[in-house]
Amino acid sequence: MRVSGRPTEHSLDNHGLYNLDTIHWNLPTPALYEQAIRAHEGVLSHMGPLVVRTGHHTGRSANDKFVVEEPDSRDHIWWGEINRPIDEAHFDLLHHRLASYLQMKEIYVQDCYVGADPDYRMPVRVISEYAWHSLFARNLFIQPKPEELDTLAPEFTVIDVPRFHAIPSLDRTRSETFILVNFAKRLVLIGGTSYAGEIKKSLFTVMNYLMPFRDVLPMHCSANIGPDGRTALFFGLSGTGKTTLSADAARTLIGDDEHGWSPNGIFNFEGGCYAKMIRLSPSAEPEIHATTRRFGTVLENVTVRSEDRRLDLDDESLTENTRGAYHISAIPNASETGMGGHPSVVLFLTCDAFGVLPPISRLTPEQAMYHFISGYTARVAGTEKGVTEPSPVFSACYGAPFLPLHPQRYAELLGRRLAEHGTQVWLINTGWSGGPYGVGERIKIPHTRAMVNAVLDGRLDGVPMRLDPIFGLQIPESCPGVPAEILDPRSTWPNGADYDAQACKLAGMFAANFNKFADQVDPRIVAAGPKAA
């Protein structure tokens with residue numbers, strides 16, 4: 001066994017790994033570039049980003065994720081479609097075969113932290129087969145100081161081996177791909193996929209399990225701080241604008257995706273960002289676009305022109321889900337501490353492809369709980385064969401695939417935090433107006449930014465509101481920088497009756513989805529939902 005880089009006191013024996021070839025410990029970014037290019041894992045593009053391909057997995061394999069059913073966590077897990085059980089014996093069998101596969105192979109180790117607040121951070125170790133996956137972990141998680149690295153003891157470990165595949169009939173997995181989370185052994189095993197987002201989201205799942213037991217609300221949201229020192233949170237599923245809207249040059253970015261809300265305030269779980277790159281605009285999203293011209297950024301499935309190594313961010317031939325992983329320091333106004341105070345404003349972002357939700361509305365505390373548990377956005381028509389109209393997506397707490405505990409556990413924590421700090425909650429629709437996708441137009445990013453800024457600056461305080469009769473939302477009658485006519489979604493449709501029918505249809509979808517939670521939440525929260533005719 002050979003060693004390169006900087007090892008810690010804690011060996012790999014505890015992870016069942018023996019007889020390895022070279023172990024690359026905590027290599028810095030330039031060395032990981034060299035290793036990745038040497039192994040033909042990626043190519044160097046114009047201005048310095050490393051461009052890689054993830055093969056046939058260009059997104060998460062949600063159906064291949066399992067949680068080990070063991071005595072310590074069994075009674076806490078929200079078992080079902082999200083958290084599928086696998087027994088300890090089959091986890092151990094697969095772990096043993098994976099360790100055997102790695103014998104006499106090079107591996108890469110990154111020791112880092114998840115959680116910027118020293119009171120709650122968790123030391124983690126990412127062991128990977130690919131150098132670029134190690135660079136991804138180095139970008140996305142928090143790097144220890146040199147003096148901390150020497151004695152860092154990982155409290156959770158990810159072993160990520162893309163070229164190793166499960167045997168479904170033997171391992172009780174659904175396919176050759178697997179993401180297995182073992183809370184008793186504090187170990188995650190990933191195989192059969194090169195999509196690096198599985199590393200990030202598996203550790204988010206871990207934090208979502210551990211943090212509520214420490215009175216911390218884990219959240220799938222971005223966060224930033226204004227010049228006045230007030231913190232804002234942006235919740236939303238992929239494609240709703242969470243990363244784009246939080247990366248504002250006039251505000252300090254805490255983080256773009258995963259945070260905790262503790263008795264101390266807000267803290268970033270990560271040390272980097274993982275942004276969608278498809279059709280990225282240098283004018284609408286300048287801070288993020290600039291990361292595509294930076295050494296250290298990892299670009300997944302982005303097209304590179306062979307003749308000059310320049311990027312084509314508009315090319316979706318490999319996937320719509322092109323991604324960039326970069327250290328948060330690439331954003332000029334990023335927070336140095338990754339921490340902020342208790343938020344004064346929370347924004348729920350939804351991309352409503354049905355075209356009926358108002359572009360901005362204020363929520364009561366009960367409505368805030370209803371929409372948090374619902375976690376609504378919509379997919380547009382045409383993304384899948386045979387899909388001819390928008391389809392709703394309801395993801396509890398805006399992050400159901402990563403919730404080991406029941407959504408009500410997180411909702412109760414959110415409700416308590418909102419009440420304790422008098423936090424306002426607003427719903428922002430970044431989707432369509434004047435009709436559904438294919439008929440209406442998408443709400444312009446400058447208008448959405450103007451609405452968000454008006455909320456954050458307090459310029460909507462005291463503005464007259466009108467009540468939406470179907471969704472029960474309070475809609476401001478005016479907003480600085482936004483044409484008044486787009487604030488009322490019904491008036492943007494050519495035919496008001498068509499709007500009413502579409503709005504009632506979506507309201508019914510909300511109600512149908514919420515039925516599975518109705519017997520476990522306060523009746524006042526149930527009553528705060530939309531009212532279908």
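A residue counts as buried when its relative accessible area is under 20%. Keep that cut-off in mind as we walk through this structure, which is a predicted model.

Let's begin with a glycine. G355 sits in the loop that links β23 (343–350) to β24 (360–363). With a relative accessible area of 1%, G355 falls under the 20% limit and is therefore buried. What does G355 touch, once residues up to four places away in sequence are set aside? Its partners are W432, S433, G434, G435, P436, W493 and Y499. One of these pairings spans a good stretch of chain: G355 and S433 are 78 residues apart in sequence, yet their C-alpha atoms are 4.7 Å apart in space.

Y499 also leads us onward, as it appears among the contacts of F471. Leaving out neighbours within four places in sequence, F471 meets V356, L357, Q367, Y499, A503, L506, A507 and P530. F471 belongs to the largest nonpolar core, a set of 103 residues. Within that core, F471 joins L233, F235, F348 and F372 as the residues touching the most other members. Helix α6 (residues 197–210) supplies the largest share of this core, with seven residues. A second core, separate from this one, holds 24 residues, among them W25, L102, I107 and I159. In soluble globular proteins, nonpolar side chains tend to be buried together.

Our last stop is helix α3, covering residues 131–140. How many of its 10 residues are buried? The count is 10 of 10, so by the under-20% criterion the helix is mostly covered. The buried residues include W132, H133, F136, R138 and N139.

Definitions and conventions
Residues numbered from 1 in each chain as written. Predicted model: local features only at pLDDT ≥ 70, side-chain atom pairs only at ≥ 80, totals over all residues. Heavy atoms only, no water. Buried < 20%, exposed > 50% of the residue type's maximum accessible area, 1.4 Å probe, protein only. Helix = DSSP H or I, 4+ residues; strand = E, 2+ residues; numbered from the N terminus. Core = buried A, V, L, I, M, F, W, Y, C linked by side-chain atoms within 4.5 Å. Contact = heavy atoms within 4.5 Å.
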